[in-house]
Amino acid sequence: MGKVTLYGFDASPPFRAAKMSCAALGVEYTVKYVDVTQMENRRPEYLKLNPIHTVPTMVDGDYVLFDSHAISCYLANKYGKDDKWYPKDPCQRGIVDQRLHFDCSVLGIALRNVGVPLLFGKQPNEKTIAPLVKAVKSLDKLLGDNEFIALNHPTIADCHCSATVLSIQALLPNAVTSRVAAWLERCKTALPGFEKINNPALEQLQTLREMGRSKL
């Protein structure tokens with residue numbers, strides 16, 4: 001198995017989620033950093049790989065794929081030694097997929113509406129903060145009394161949701177409920193490479209928080 005290449009930016013939860021999925025699945029990878037604050041994701045060479053200029057983008061040989069959730073599913077399907085991280089059972093996979101879609105369509109969008117303006121020096125407002133608080137409360141309900149977000153063991157859904165929640169916690173600490181915070185602590189030990197992958201982003205996120213501290 002050769003190394004895959006991931007293009008991205010540490011402050012991006014989807015980029016970190018893709019890296020955590022690689023670590024969980026034992027997939028070797030190299031990183032090519034794309035600084036979105038400097039618009040490097042709009043450069044012609046990157047747009048050839050990803051015409052919608054999002055991060056991350058994955059290159060595996062001649063195969064190019066973007067969207068972190070699609071990347072994680074692809075890696076699990078192709079390289080997973082077993083189905084622990086992305087079950088083959090339709091019912092279990094359905095729950096994992098639902099959590100991935102929740103991260104993409106609810107949690108991630110709510111964070112993006114707060115985080116992206118901060119990334120470019122603009123402050124968030126109550127209109128953008130309120131949906132983020134609501135999204136975390138919904139995650140709390142999905143978690144319930146479970147140890148992990150989808151099943152009774154960690155899956156790629158935990159890789160994705162934890163990367164997003166870590167950013168939320170860094171930018172808006174009061175939005176994270178105690179139950180979600182406890183789950184995030186479990187992820188730190190249950191997900192391979194969690195701290196190594198996420199710690200470099202925390203300084204960037206702290207800087208963003210300071211930029212918008214009057215609103216956060």
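Two strands count as paired if DSSP finds at least two bridges between them. In this predicted model, strand S1 (residues 4–8) and strand S3 (residues 57–60) clear that bar with 3 bridges, and they run antiparallel. That pairing belongs to an open sheet of 4 strands, in the order S2-S1-S3-S4, with mixed pairing.

**The sheet and its edges**
- S2 (29–33) and S4 (63–66) sit at the edges with a single partner strand each, so each has one side left without a neighbour in the sheet.
- On average, neighbouring strands here are turned by 20 degrees against each other, ignoring direction.

**Who S1 pairs with**
- On the S2 side, S1 pairs in the parallel sense, over 5 bridges.
- Within that pairing, Val-4 stands opposite Tyr-29 in S2.
- On the S3 side the run is antiparallel, and here Leu-6 stands opposite Met-58.

**How S1 is covered**
- Side chains in a regular strand alternate between the two faces of the sheet.
- In S1, Val-4, Leu-6 and Gly-8 are on one side, Thr-5 and Tyr-7 are on the other, and all of them are buried.
- That makes S1 mostly covered, with 5 of its 5 residues buried.

**The helix and the crossover**
- From S1 the chain goes through H1 to S2, and this β-α-β crossover is right-handed.
- Helix H1 (residues 13–25) packs on the sheet and touches both S1 and S2.
- The direction of H1 makes about 160 degrees with that of S1.

Terms used. Residues numbered from 1 in each chain as written. Predicted model: local features only at pLDDT ≥ 70, side-chain atom pairs only at ≥ 80, totals over all residues. Heavy atoms only, no water. Helix = DSSP H or I, 4+ residues; strand = E, 2+ residues; numbered from the N terminus. Axes fitted to C-alpha atoms, helices over the stretch in contact; angles between N-to-C directions. Contact = heavy atoms within 4.5 Å. Buried < 20%, exposed > 50% of the residue type's maximum accessible area, 1.4 Å probe, protein only. Right-handed = clockwise from strand over helix to strand, strands pointing away.
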